[in-house]
Amino acid sequence: MTDYKMLADLLFPNVDKNVDYYENLYPNRDLKEGARVTRFAPSPTGFLHLGNLFTCSVAYKTAKTTDGIFYVRVEDTDQKRKVEGAVEVMLEGLKSYGITADEGVMIDGTQRGDYGPYIQSQRKEIYQTYAKYLVEQGLAYPCFCSAEELEALRAQQENDDIKGYYGKSAKCRDLTFNEIKANIDAGKSWTLRLRSPGDANKKCFFDDMIKGKIEMPENIIDVVLLKTDGIPTYHFAHVIDDHLMHTTHVIRGDEWIASVPLHLQLFRILGFKPVKYAHVAPLMKEENGNKRKLSKRKDPELAVTYYKQEGFPAASVNEYMMTIMNSNFEDWRRANKDADINAFPFNLKKMSVSGALFDLVKLTDVSKNVICQMSADEVFELSYEWAKAFDPQLAKLYEQDKAYATAVLNIDRGNKKPRKDIAKWSDIPDYISYMYDETFEENYELTGNATEELAVNILNLYKDIVDVNDDKDTWFNKIKEICQPVGCTPNVKEYKQNPDAFKGHVGDVSTVIRVALTGRTNTPDLFAITALLGADRVQKRIEKAIKHYEEKK
């Protein structure tokens with residue numbers, strides 16, 4: 001029989017602490033009952049994509065709605081794939097969507113909190129202490145199998161129902177102390193494997209916070225806990241970290257469901273209270289009537305940078321994500337139109353079990369609603385910041401006269417039914433183009449009853465009476481006064497009752513003026529546009545329009 005204490009000392013001669021040391025070093029958190037502790041645990045290997053942001057938002061909301069703690073732990077045990085600066089970029093991305101950690105790794109690379117280090121590569125001694133403890137209990141053992149031997153085992157098991165290093169296939173499982181010592185003395189490298197207590201005939205039951213009750217076979221595989229360099233695998237490290245950092249809820253993608261039996265087994269044999277798991281289904285996209293997962297290769301909208309470049313405000317993305325996070329959010333929003341989104345009582349149990357459908361068209365609609373509620377100052381500041389990064393021409397227009405730009409953005413803003421022309425900041429250059437001579441595109445196509453001849457008559461009268469200092473009633477009365485001399489009626493209802501008696505109505509007169517000044521038949525409030533354009537610009541555009549229509553007659 002192997003002396004497990006001797007084996008543990010042989011494998012870990014430099015580990016001089018025991019598990020009680022770390023249990024005392026990281027005491028229970030002083031939080032109110034029901035407060036949840038969640039985390040974002042990125043690997044420093046890539047960019048922040050929508051799936052990360054979505055899952056991280058779920059974890060953040062879970063903590064914040066319970067007055068809990070949300071922390072960042074960097075899982076960098078795979079040093080070969082590490083990308084310098086990746087974590088900082090991800091944290092900057094999260095910050096722009098209102099997600100900031102209470103503790104853990106910060107944007108500047110520092111660490112804050114009493115449960116660190118929050119970087120796994122700095123916690124090697126902790127993992128090895130718990131690994132030594134498992135060896136002492138006879139629950140872990142060194143494996144000297146080479147890559148070639150493991151590959152041969154995989155080939156041998158190709159047609160087996162259960163594949164992996166277990167039972168009789170686990171050739172290092174029952175090595176004696178002397179055999180192990182001889183291998184180590186010979187300089188053979190080893191990994192540390194779990195001596196799984198699982199039974200293939202038994203089931204593992206757990207209650208997923210999103211998907212409900214799940215039943216799976218127990219884990220019987222002797223998985224690797226420590227690699228040959230002494231660095232832990234994700235399975236081993238996250239169980240220890242979540243225990244010592246007193247995580248209550250682990251929110252992660254549902255690709256991890258298959259690992260839950262192993263993870264619960266590790267919690268149990270280490271003597272830890274298991275966390276509660278919430279597995280988030282992937283974001284889906286509808287294509288040709290079918291649903292599929294969003295793809296890095298096919299879908300540019302999976303990258304969070306896409307929303308920044310397009311100019312979707314963070315508030316719009318957050319608002320939309322909440323509509324697909326919780327099925328009752330839209331009803332809540334209708335009843336709480338002006339409430340802060342953080343006041344919504346987020347609930348894990350109201351998340352989609354099978355995967356939320358991500359729809360750019362719906363995001364666009366949501367964003368229009370969000371932006372139309374913003375003040376002109378807020379729209380200006382946010383779009384100006386965007387323009388400085390992505391549209392230098394717009395930034396230059398803004399910088400000519402910031403007060404003028406803000407006034408332009410304020411047209412029809414603050415009404416009971418504000419217009420919803422802007423879904424993202426990249427819509428603004430076209431939306432305001434006619435307010436600047438540099439970007440104004442002449443277009444004299446008329447609609448309705450307006451003809452070139454009627455347009456000339458209207459504009460010749462209008463240019464002599466328009467006054468940009470008039471109030472709105474005076475301005476509109478002048479437009480109505482033009483109607484009769486040009487053969488139109490100021491009363492739309494009268495026109496509808498007897499259309500053959502008139503060349504058009506007051507709406508047609510307004511359209512002619514609108515087209516002359518803006519090149520469009522549909523714009524926000526024409527009175528406000530006229531006043532902001534100013535007398536000189538108004539006169540020049542009218543004269544140019546008259547000349548165009550006269551040449552076409």
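These are my notebook entries on a predicted model of one protein.

**Entry 1: overall form**

I began with the secondary structure, which comes to 23 helices and 15 strands. I then looked up the radius of gyration, which is 34 Å. The globule rule gives 24 Å for 553 residues, so the protein is more spread out than a compact globule. I also noted the box filled by the C-alpha atoms, roughly 115 × 45 × 45 Å along the principal axes.

**Entry 2: burial, contacts and surface**

I checked burial next: 51% of the 553 residues count as buried. For contacts between residues at least 6 apart in sequence, I found that 74% join residues at least 24 apart. The accessible surface comes to about 27,500 Å². Carbon and sulfur atoms account for 47% of that surface. I noted 75 positive and 84 negative side chains, with the centres of the two sets 3 Å apart.

**Entry 3: the nonpolar core**

In soluble globular proteins, nonpolar side chains tend to be buried together. Here I looked up the largest nonpolar core, which has 172 residues. Helix H3, residues 50–64, gives the most to this core, with eight residues. Which residues have the most contacts inside the core? They are Tyr 130 and Phe 236.

I followed Phe 236 further. Leaving aside residues up to four places away in sequence, Phe 236 touches Tyr 127, Tyr 130, Ala 131 and Leu 134. Its other partners on that count are Leu 225, Leu 226, Leu 266 and Leu 270. Tyr 130 is thus a partner of Phe 236, and both were named above for their contacts inside the core.

**Entry 4: helix H9**

Leu 266, one of the residues touched by Phe 236, is among the buried residues of H9, and I turned to that helix. H9 covers residues 260–269, and nine of its ten residues are buried, so the helix is largely enclosed by the rest of the structure. I listed the buried ones as Val 260, Pro 261, Leu 262, His 263, Leu 264, Gln 265, Leu 266, Phe 267 and Ile 269. The list includes His 263 and Gln 265. After H9 comes Gly 271, with a positive phi near 80°.

**Entry 5: a buried loop residue**

I looked up Phe 440, which is in the loop between helix H17 (428–431) and helix H18 (452–465). Is Phe 440 buried or exposed? Phe 440 has a relative accessible area of 16%, and the cut-off for buried is under 20%, so Phe 440 is buried. Beyond residues up to four places away in sequence, I found that Phe 440 touches Ser 433, Tyr 434, Ala 516, Leu 517, Thr 518, Gly 519 and Arg 541. Thr 518 is 78 residues from Phe 440 in sequence, yet the two are 7.4 Å apart in space, C-alpha to C-alpha.

**Entry 6: backbone exceptions**

Most residues other than glycine have a negative phi, and most peptide bonds are trans. I looked for departures from this.

- The peptide bond from Gly 116 to Pro 117 is cis, with omega near 0°. I placed Pro 117 in the loop between strand S4 (111–112) and helix H5 (124–136).
- Asn 288 is not a glycine but has a positive phi of about 55°. Asn 288 sits in the loop between strand S12 (284–287) and strand S13 (290–293). With a relative accessible area of 75%, Asn 288 is exposed.
- Asp 412, also not a glycine, has a positive phi of about 65°. I found Asp 412 in the loop between helix H16 (402–410) and H17.

Definitions and conventions
Residues numbered from 1 in each chain as written. Predicted model: local features only at pLDDT ≥ 70, side-chain atom pairs only at ≥ 80, totals over all residues. Heavy atoms only, no water. Helix = DSSP H or I, 4+ residues; strand = E, 2+ residues; numbered from the N terminus. Rg over C-alpha atoms; globule rule 2.2 N^0.38 Å. Buried < 20%, exposed > 50% of the residue type's maximum accessible area, 1.4 Å probe, protein only. Contact = heavy atoms within 4.5 Å. Areas by Shrake-Rupley, 256 points an atom, 1.4 Å probe, with all protein chains shown as cover. Lys, Arg positive; Asp, Glu negative; His and termini not counted. Charge placed at Lys NZ, Arg CZ, Asp CG, Glu CD. Core = buried A, V, L, I, M, F, W, Y, C linked by side-chain atoms within 4.5 Å.
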